[in-house]
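Hi,

Here is the structure I said I would pass on to you. Have a look at it first, and then read my notes below.

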Amino acid sequence: MNPPSGPAADRSGVPVPGPSDQQAPAFHASAQLVVTEGRRDVGMCFVGASMMAGYGDPKGLGWVGRVVSRSQHPDLDLTAYNLGLRGDTSAGAMERWRRECEPRWEGRTERRMVLSVGANDIAADLTVARSRLNLANILDEASSLGIATFVVGLPPTRDPDLNIRIAALAEVQADVCGRRGITYVDCFRPLVTHEQWVADLAASSDGVHPGQAGYGLIAWLVLHNGWYDWLQVAPV
């Protein structure tokens, strides 16, 4: 597999996004995540839609399963919950995240949430401004409750017109996260011309959801763009 031209690529062929040209001001939450000493009891919820749920992966792992499997660490007692809901929008995620996450965090000393929302906002005709506000509201509320958040951006599809709208949404999501000091993983630019990603979408039934290879590429991007720093553990 030949790495694409443009940004530098690891031997896996996935280019590593370069640093932003501008440093956005940080958002300071009213509550902070408390990381305990010793083995940490972590409850981690993944909130998103069909891509979060791993739809289309014949292995049934999606990118979430692959990331969780690489997140097992002697210092972590990790319980992970995939709350991907097919067809969900950022508005739906904003409405349901606390209701679905809080019972799963009960009894855990460390609460973490991974978000990947917005793809269905386009189909639902939500404006970019509304999508931006929904994401910001989720992140701000979570921060105020001392919940650590991590945002995974939207990957490209086979539809060039749809990709233009995804690129615009990815840009505002990155800005929302940058202003709050929250890690955002760009999955659009590294994959839009990636040979293996494009081939995986070509073989898919809808040109949107990848198969095993494509989900593996998303997992690689997550794991190599701030994941272990966010978890505060060494890579495994």
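To get you started: in which loop does V208 lie? You'll find V208 between α7 and α8. Keep in mind as you look around that this is a predicted model. V208 counts as partly exposed, because its relative accessibility is 28%. Leaving aside neighbours within four places in sequence, V208 is in contact with M51, T157 and L201. P155 is worth finding too: P155 and V208 are 53 residues apart in sequence, while their C-alpha atoms are 8.7 Å apart in space.

Now the sheet. Five strands make up an open sheet with parallel pairing, and the order to trace is β2-β1-β3-β4-β5. The edges belong to β2 and β5, which have a single partner strand each, so one side of each is left without a neighbour in the sheet. Further in, β1 is joined to β3 by 7 bridges, and these two run parallel. If you want a spot to zoom in on, V47 has L115 of β3 as its bridge partner. Helix α3 (residues 90-105) packs on this sheet and touches β1, β2 and β3. The direction of α3 makes about 155° with that of β1.

The strand I spent time on is β4. On one side, 4 bridges join β4 to β3 (residues 110-116), and the two run parallel; one place to see this is M113, whose bridge partner in β4 is T149. Then there are 2 bridges between β4 and β5 (residues 184-185), again parallel, with V151 standing opposite Y184 of β5. Between these two strands comes helix α6 (residues 160-180), and β4, α6 and β5 together make a right-handed β-α-β unit.

How many residues of β4 are buried? The count is 5 of the 5, so β4 is largely enclosed by the rest of the structure. In a regular strand, side chains alternate between the two faces of the sheet. Here both faces are covered: A148, F150 and V152 are buried on one side, and T149 and V151 are buried on the other.

That brings me to the packing. Nonpolar side chains tend to be buried together in soluble globular proteins. The largest nonpolar core in this model has 33 residues, and F46, W63, V114, I218 and W227 are those with the most contacts inside it. Several elements supply at least two residues each, including β1 (40-48), α2 (62-69), β4 (148-152) and α9 (227-231). The largest share comes from α8, with 8 residues. Apart from this core lies another one, of 22 residues, and V47, W105, V117 and A142 are among them.

I218 is a good residue to click on. Leaving aside neighbours within four places in sequence, I218 is in contact with M51, W63, P155, C187, L191 and W197. You met M51 above as a contact of V208.

What about the aromatics? There are 6 aromatic pairs in the structure. For F150 and W227, the ring centres are 5.1 Å apart and the planes stand at 85°, so this pair is edge-to-face. The pair links distant parts of the chain, since F150 is in strand β4 and W227 in helix α9, 77 residues apart. Next come W227 and W230, with ring centres 5.2 Å apart and planes at 45°, so that pair is tilted. Both of these tryptophans lie in α9, 3 residues apart, or about one turn of the helix. W227 is buried, with a relative accessible area of 0%, and W230 counts as buried at 10%. F46, W63, F150, W227 and W230 form one aromatic cluster.

Finally, two backbone oddities to check. D125 has a positive phi of about 60° although it is not a glycine. D125 is found in the loop between α4 (119-123) and α5 (128-144), and counts as exposed at 62% relative accessibility. Q232 also has a positive phi of about 60° without being a glycine. Look for Q232 in the segment after α9, where it is partly exposed, with a relative accessible area of 48%.

Have fun with it!

Technical notes
Residues numbered from 1 in each chain as written. Predicted model: local features only at pLDDT ≥ 70, side-chain atom pairs only at ≥ 80, totals over all residues. Heavy atoms only, no water. Core = buried A, V, L, I, M, F, W, Y, C linked by side-chain atoms within 4.5 Å. Buried < 20%, exposed > 50% of the residue type's maximum accessible area, 1.4 Å probe, protein only. Contact = heavy atoms within 4.5 Å. Pairing = 2+ DSSP bridges. Right-handed = clockwise from strand over helix to strand, strands pointing away. Axes fitted to C-alpha atoms, helices over the stretch in contact; angles between N-to-C directions. Phe/Tyr/Trp six-rings, centres within 6.5 Å; stacked < 30°, edge-to-face > 60°.
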